[in-house]
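Biologist: I would like a close look at one helix in this model. Please go through its length, its faces and its two ends.

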Amino acid sequence: TARSIAVLEQLSDVHSGGQDMVIHRTAVPAPATACTLKVGPKKEVAECKEKFASSVDPTVSQMFMLDRVFNPEGKSLTPMRGFKYSSWSPLGCDANGRCLLAALTMDNRLTIHANLNRLQWVQLVDLTELYGERLFEASYKLCKADTPCGELGDFPEFQRRHSMQTPVRMEWSGICTTQQVKHNNECRDVGSVLLAVLFENGNIAVWQFQLPFLGKESITSCNTIESGISSPSVLSWWEYEHNNRKMSGLIVGSAYGPVKIIPVNLKAVKGYFTLRQPVVLWQEMDQLPVHSIKCIPLYHPYQKCSCSLVVAARGPYVFWCLLLISKAGLNVHNSHVTGLHSLPIVSMTADKQNGTVYTCSTDGKVRQLIPIFTDVALKFEHQLIKLSEVFGCVRTHGIAVSPCGAYLAVITTEGMVNGLHPVNKNYQVQFVTLKTFEEAAAQLLESSVQNLFRQVDLTDLVRWKILKDKHIPQFLQEALDKKIESCGSTYFWRFKLFLLRILYQSMQKAPSEVTWRPSHEDAKILISDSPGMGSTEDDQEEGTSKQASKQSLGDSGKGVDIDDTAEDPLHQSSDTGGREPMVEKLLEIQAQIEAVEMHLTREHMKRVLGEVYLHTWITENTSIPTRGVCDFLMSDDGYDDRTARVLIGHILKKMNKQTFPEHCSLCKEILPFTDRKQAVCSNGHIWLRCFLTYQSCQSLVYRRCLLHDSIARHPTPEDPEWIKRLLQGPCTFCDSPVF
């Protein structure tokens, strides 16, 4: 928007019984000052601007005064404030293992932001400023062999220096993993990511960042490539995997029509391959501007190999190109899909899970294109999604599909009513479901991701169905039990815990008042007489409200039925006989939840003990309460795990009767390990335990899981690498990141 980038994060909240979609909203504010590109010394630039503005040649003075790249502050013109494009990095790029956001403002400032504390976005680096300094040091030449550039006082040279650093688009690559040899000859995996920036003159700057990206110090290199494309409009990464070798390139589209792939030669990235020469996908200068490009990796069922599908929106048509590497070389099949829209396509998105493409035009029509392979290439089946049946008469301005294809987000404004346009435009973000509950559940059961947080759009559909029907469907229960018996992966245990928690919330009686609204009653009670003195922190957390930060967007698209609670037996408070079975049911579900949580805790304890065993050679105080964890695991007679017993036996032999207990920092008394959530010393001092390492958090600052499941301590400089690695893990109950 003109003021900020609004970031809407979908949450699958296990602590709320409401059926509405839960949205956590944050914002990246637009800079208060205008961005001026560095084209030379400040004094010389000011003199040149004054010279061009007062030039007697109208072709110079008018072009200079009206070009907002030269005059970002505007003076008498409206200020160029706001954003024109943004791009998400892959998962795992920031310090919390989440996404970075690259943002391009209207006045050509390119910045990278990170959501480090969840409530606030922090700018990490200004790439426009850094690239301008690099060009200034190189005298605005791409390489030393280039001819000397002209004087800044020449208007064509003044234009050239601005054009070579005016960003048009930027896109992130996938994460590249390389091995770095340390001083002791150990190898460690180092992740890096590439950010390609397309400039107005056709050049592409490829920035390489080391992960996790922390700021300017994480920049590894910056290489500039000449694409040879005139009037470039859009950019996308081409990533292809063939015989376990990853190849990459950059797809560039022009406002005049051509589309081609540019090789990206990066000597610093090991295990990285690219094309030998550019590949032209479409060469006709037919004046159909390329609006958007998507690259989708697919598997060819007839050729029995992986292939790459490139789709581009060109006017009202969709251009597609199938790239396939065979023994004969690179095979290229291309064509256009026509008859989709009567108006130009304004937005296009793709579901990379199954290759489905969605396009929309301003008249409120969304098309779904499903690729179907043939012997030679492929064809598309397309069908119309009529938003007017869901939202009424609307105009569409943009669409995006959720990561697992469960939702389609649509930006809409009011359409024409009785042949008249609306007086004011109210922009709304609407959500439309693209999958049924059964499809979402099946995808979660067969998922290769094995992470609930990364499939939050699918879990939200499951959550809504259980809250609506107040029971877990039989087919899902049976399929999940089979997966747990055959596989035993903790992912399916976490999925089971998620289902039980949602079922528990569906059985709860809805509060008569909104929990976040303050009460105006001056009720005074003595602290000693308060019945809530014995409540744990988790009970207090359930009482705190998260409704203030939630929004319900697009209820009509989701089809939520709020009147289902009318027949809820919990609301029949007078029927005491009907309530007793419900209380028993709640207690039964609560017992199942505690049993699953205990299983997940034991599995993680085994992992922690395995790390302790692998990284300690002699009797050593690792700061992890190893003896306490061992005793806790063996304290339950009903728990018989041979793997755990063997591991604990090896660890106790290595510890040689040493206990290394934790001590309370207030009174120096021993902190016994009797509870996985907290530690209490003999003097009554209570410390919460870190769920990742089971150490007591004896500080005022600690981290919390996104869904408030557990807490974790911050890593310290004294911690060895393996403890820091443990502290980088997600929540063991819900897979959420920790802040």
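Modeller: What follows is a walk along helix α14, residues 642-655. Keep in mind that this is a predicted model.

Start with the length. α14 has 14 residues. From its first C-alpha to its last, the helix reaches 20 Å. That is close to the 20 Å expected at 1.5 Å a residue.

Now the faces. Five names matter on the inner side: A644, L647, I648, I651 and M655 are buried. Buried here means under 20% relative accessible area. These residues cover an arc of only 100 degrees around the axis, so they sit on the same side of α14. Turn to the other side of α14, and R642 and K653 are exposed. The cut-off for exposed is over 50%.

Next, the ends. At the start of α14, look at D641. One of its side-chain oxygens comes to within 3.0 Å of the backbone nitrogen of T643. At the far end, N656 follows α14. The phi of N656 is positive, near 55 degrees.

To put the pieces together, read α14 from D641 onwards. The D641 side chain reaches towards the T643 backbone at the start. The buried residues, among them L647 and I651, share one side of the helix. Exposed R642 and K653 lie on the other side. M655 is buried and belongs to the arc of 100 degrees. After the helix comes N656, with its positive phi.

Terms used: Residues are numbered from 1 along each chain as its sequence is written. This is a predicted model: local features need pLDDT of at least 70, side-chain atom pairs count only at pLDDT 80 or more; totals for chains, interfaces and linings use all residues. Side-chain values use heavy atoms; hydrogens and water are left out. Helices (H or I, at least four residues) and strands (E, at least two) are DSSP runs, numbered from the N terminus. The expected span of a helix is 1.5 Å times one less than its number of residues. Buried means under 20% relative accessible area, exposed over 50%, partly exposed in between (1.4 Å probe, protein chains only). The arc is that of the directions from the helix axis to the C-beta atoms. A polar contact is a pair of N or O atoms within 3.5 Å; within protein, one must be able to donate a hydrogen and the other to accept it, and residues adjacent in sequence count only if both atoms are side-chain atoms.
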